[in-house]
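Work through these exercises with the structure open. Try each task before reading its solution.

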Amino acid sequence: MKINIDGLLVLFPYDYIYPEQYSYMVELKRSLDAKGHCVLEMPSGTGKTVSLLSLIVAYLKTSPKDVCKLIYCSRTVPEIEKVLEELRKLMEYYEKETGEPPNLIGLALSSRKNLCIHPEASALQFGKEVDGRCHQMTASFVRSRHERDPDVPVCDFYERFDALGRETLLPPGIYNLDDMKDVGREKGYCPYFMARYAITYANIVVYSYHYLLDPKIADLVSKELAKNSVVVFDEAHNIDNVCIDSMSVTINRRMLDRCQTNVEALTRTVQRLKDTDQQRLRQEYSRLVEGLREANVARETDVVLSNPVLPDEVLQEAVPGNIRTAEHFVGFMKRFLEYLKSRLRIQHVVQETPASFLKDLKEKVCLDRKPLRFCSERLNSLIRTLEIADLTDFSPLILLANFATLVSTYMKGFTLIMEPFDDRTPTISNPILNFSCMDASIAIKPVFDRFQSVVITSGTLSPLDMYPKILDFRPVNMASFTMTLARPCICPMIVGRGNDQVTMTSKFESREDVAIIRNYGNLLVDMSAVVPDGIVAFFTSYSYMESTVAAWYEQGIIENVQRNKLLFIETQSAAETSVALQKYQEACENGRGAILLSVARGKVSEGIDFEHHLGRAVVMFGIPYVYTQSRILKARLEYLRDQFQIRENDFLTFDAMRHAAQCVGRVLRGKTDYGVMVFADKRFARSDKRGKLPKWIQEYLSDGMCNLTTDEAVQVSKKFLRQMAQPFRREDQLGLSLLTLEQLQTEEMKKRAQQTAHQAFMT
Amino acid sequence: MSRSEDVLLMVSHVRHKKVEGTLFLMGERLAWSANSAGERLGVSHNYADIRSQKISPEGKAKIQLQLVLHTGDTCNFHFNNPEGNPEQLKDRDAVKELLQQLLPRFKSQVNKELEEKNRLLQEDPQLFQLYKDLVVSGVITAEEFWTNRAQTKQSNAPKGSQDIGVSASFLADIRPQSDGCNGIKYNLTADIIASIFKTYPAVKKTHAENVPHNLSEKEFWTRFFQSHYFHRDRINHGKDLFSDCAKNDEKDLHKIIQDKVKDSFLDLESLDETSLVKDEGYGNKSADTSTAPKHSVNQAIIRRFNYHSTMVLEACRNKRSPEEDILSLGLGGSGDNSNSSVWSQSLALGPPSKKARLRDAISYEDLGESTATSAPPLSLTGADRYLQGPSAIQQGEYTTSQDIHRATQQVKQEIGGYQADLPNVLPSSLAASVTAELSPGGVLMQAGMQQSLKELIPKDLQDELHSLYAALAELLRHFWQCFPVTTPALEEKVVRMRETLRRFQTTKMQPFQDKLRSQHLPTNLTDHLTEMINNAERKFSTWSKKRGGRP
């Protein structure tokens, strides 16, 4: 249908529309008009992506001067592919309506592993190996060697792309990962580099967060994107952690040992080069003297990870004299390494600021701050000069250099924590150095500064005001949309007591209580008897899940569960879990029904959807608080309190509740879907927890459902499921939670949309 | 002995109702005869009639064995060997063991038959009515009723029995019972053993290798339950029979994991774009992971559950042929699981099907154009027929599309060149009279009047008439089937059937006719029924005359 959104003609590729989609587009349009950032929360399964794409594409087409590019960041590879398919659908609709395909290019960018078509490299299993193999064949020195000696292997696809690929642009259209590969195969171009080149001129780019948020990669990939782009972070509820991770470094003893071998290898190579080809080293040196930041102009293929600090922090001056020669630099790194080794020989926990670390470094081994800041780039330059093909071997040393650069660049918002052992296993010596970023806003700040509109959106962003705080930006618009439903297709409830009236809680002090574990078990058994097909249950952590499952086994609860359904359990190994997941789906498909025990914050809770019969009920055993004894977390909480006036408890609860909401939201993927959501912890009923659930869940969580016993919960679910299993037709939804164009245009509806929009603005 | 059967076991000194006697276990039945009463057998039960056996608890003075029949009756035998308790026990156990082996065989047979009959009756209301009319009202016996149905039943039965799935909790259901003196008893049934073998092929293999030449059946299972393999949560100490199994399982598990999940939507490893970032060292290590030692007992349990569930799932799947898989995909599943077939494909997904799945994942069924109205669910008795179309009864009956094409061409041609054969055409007056006679009210259409009977006779009477016809037809079928009468059994049956027919006439026909009369309806409705009975009667009388003359 063609909709008029606030004066903008939007082509929406469906005949019907949800009211909230309309409101969402109105809000989004407003933010784009204001050229500002916004935070929008809309329940999953209400067609967020298609609304976003429809509006922004319309915007791109009507006012290309204001918005010239859409950068859509998503989290997982399947997610990225889905966005591209939605886009393709939209484009098909455009073609149908206007008679000609829109003159837009949309494409996905992913890592080499997902795009490589080289027969050898693409066969490798891990992303790192593919990257390494690619580098071995495409690095500039390899290619120049190839010119002299045709026996040196190079990648034909890249050669062809380099020779011809840049002149011709991709024809308009939508290119998903597989399409890129097809084009690459057809023309003989390398799809990865073709995509990397194409994002500079494409209208719509879909890729992973890291390509924008991680300075090491963003510098390589996203350098040349226009300012008047719209950046969308979808599924952004976890964005602060991505930001923090991209700036943090963890070093353990093993890593240092490997650095040692790296340094030795480097010394040997430098020595050898000195004997055979001193010319080259001298050339590098003189270039560095001349003030070039890098000895060579880096080709796109030469660097895998760029400078880890943000672009505005990179020093625009020449490399200091004391690390200009290769030997001196290797010696420099050696000293730094020895220093770190000595620091890790500790018996007690040390926490210090980067400043005091640098001071100590200066006192102990006389390393200055300034040369440290150049470490990462100097190492890259050296590696290029030495023509080291296999970068994967040197990853520990690169990490070390990155750490050196980071620690000497940022004085604020970071902390250094050295732990001699893990608190839970105090007898095993396992020294670890954490260089941890505490301020999520550091990594995302350049994005907010650079692009005119940044849209942060997800199904679970409540409470909305938290995100502007922790990401430190000023949104022009914040809105949370609820789900209009023709029938109450979610059934949230808080189960606070077992049948024996013992309080259910995962509170740390009482979680080992046998009665609580048994009550949790009985809840699962009873639910498994009434819920058809799949049930997903989430624990607060792996260790808690393991001990609970073991206790259930002893109490015979597992047997009772198995009488009703097959049991699958997430483990810490991703491969094992994938198999378990697949079998779980199989069991749901063939009608046996299954239970998946999983962990909040685990891989399953973040990336897998359980739509329809794959998840008819989800049980949340306890509140998924983060492990609060972690020093990194404590440091961050302190920082948040001092810098942003966020109380520790507020943040912890916020964090726990967004994960809980994320977990339970996994089962509802649309308005035709339905599911029971059981929050099995008394503490969920407290207003500070309940109030932090997304609005669309809160709406259906009545007071009467806030402290049920297991029996009551089972009765409620039984009734709910029976009701929901009745046929659900379009007519039931129409006019209520589903609108035709005519209905949308009625005055009443317009008023309602305005109203919700207004409400949203107030929140 | 009334019938010559193999006596499998004979135990004397068995008391039944306080009478000393001998217990025989034969091929198909169990019998007991009192010593004093000579020839006559006291008790005889077909194995098929026995639901279960029970034995008196150990330590009781009386060594007894109880049989519970399907009818609910019980039958006690008291083993009373004069040589004392141990011998009595031995006798009892011998009987018990043999029964244990025999009963399941017959049980499944009986159950299957009963189930089959039940199913037939449920599926066919007409048959059910007939059954009520004839068997329940006592006109013929159930056995007679079913003997004639045998063929139809056979043809109706689906090819290949349906496999019984494995319960996920079968291992847990083997509840150990303590026997009070530091021992533990496991009760194993044939079903459980089958489940174990199905789910754990490694155990089956070990069983095949070791039983009976190395170990006895009993010893094997004892070891099984003692093994580390069964109690996976215990720490493994030393080697036992099943350590190889455990290793094999481990290998299997590894292989499954190595094979990787081909479904990119489920493969957690390639889900994230973390190849660069989550590399060792970058980012904060998450607080929860890493620490715990890799192979703790708890993790072993968890892995075991996963493996167990996987194997249970596999056990059910292996038996299905690929065709059936397709069938179940195509026809099974109704209602809201619209995308079910897509998910269950665990095969490697090539780009086209991946694309289809992506499309599927992003489509909103309620937003799109009105989809096809859902048709009523298709219930098929013979899915084969549906899929393959009607089978060719006579070869060559079928015409190819070419033939049809040619035929139409021919017809067209002939029509094109058609010329009326005017001399042979009827004169118009004759034609008009013929038409008049063929129209309603004409001479030739008087039979049409009878159609009004349908309105004339109330619905319940129609139904009754209908069931009467059905019942009579059934009876007559039985009757006519006896001819030619060749055996004494048939002879007997003919006589009985005639009796039955007579009874039918008096008990069913007569009341119906009376009813018709009382409602002032034409009684000639039953004329045809009567005629059929008379025909049978005549046949019988000629036959009996002939027979009377022969001897």
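**Exercise 1. A proline in a loop**

In which loop of chain A is the place of A:Pro463?

Solution. The model is predicted, so read each value below as computed from it. Step one: place the residue. A:Pro463 sits in the loop between β13 (453-458) and α20 (466-471) of chain A. Step two: inspect the bond leading into A:Pro463. The peptide bond from A:Ser462 to A:Pro463 is cis. Its omega is near -10°.

**Exercise 2. Positive phi values**

Find where A:Asp533 and B:His13 lie, and give the phi of each.

Solution. Start with A:Asp533. Its phi is near 55°, a positive value in a residue other than glycine. A:Asp533 belongs to the loop between α21 (514-530) and β16 (534-539) of chain A.

Now take B:His13. Phi here is near 60°, again positive in a residue other than glycine. B:His13 lies in a strand, β1 (residues 7-16) of chain B. Finish with accessibility. The relative value for B:His13 is 30%, so the residue counts as partly exposed.

**Exercise 3. A helix pair**

Describe how α26(A) and α27(A) cross, and list the residues that make the contact.

Solution. Locate the helices first. Helix α26 covers residues 631-644 of chain A, and helix α27 covers residues 648-665 of chain A. Their axes come within 9 Å and cross at roughly 120°. The two helices are therefore oblique to each other. The crossing is right-handed.

Next, list the contact. α26(A) supplies A:Leu633, A:Arg636, A:Leu637, A:Leu640 and A:Arg641. α27(A) supplies A:Glu648, A:Phe651 and A:Leu652. Sort these residues by type: five are nonpolar, none is polar and three are charged.

**Exercise 4. A lysine and the other chain**

Which residues does B:Lys355 touch, not counting residues up to four places away in sequence?

Solution. Place the lysine first. B:Lys355 is in helix α12 (residues 351-362) of chain B. Its relative accessibility is 31%, so B:Lys355 counts as partly exposed. Now list the partners: A:Glu85, A:Arg88 and A:Asp179.

**Exercise 5. Chain A overall**

How many helices and strands are there in chain A?

Solution. Count the elements: 33 helices and 21 strands. Then check compactness. The radius of gyration is 28 Å, close to the 27 Å that the globule rule gives for 763 residues, so chain A is as compact as a globular protein of that length. The C-alpha trace spans about 85 × 70 × 50 Å along its principal axes. Last, burial: 64% of the 763 residues in chain A are buried.

How values were computed. Residues numbered from 1 in each chain as written. Chains lettered and ligands numbered in written order. Predicted model: local features only at pLDDT ≥ 70, side-chain atom pairs only at ≥ 80, totals over all residues. Heavy atoms only, no water. Axes fitted to C-alpha atoms, helices over the stretch in contact; angles between N-to-C directions. Helix = DSSP H or I, 4+ residues; strand = E, 2+ residues; numbered from the N terminus. Parallel < 35°, antiparallel > 145°, perpendicular 65-115°, else oblique. Left-handed = near helix turned anticlockwise from the far one by under 90°. Contact = heavy atoms within 4.5 Å. Nonpolar A, V, L, I, M, F, W, Y, C, P; charged D, E, K, R; others polar. Rg over C-alpha atoms; globule rule 2.2 N^0.38 Å. Buried < 20%, exposed > 50% of the residue type's maximum accessible area, 1.4 Å probe, protein only.
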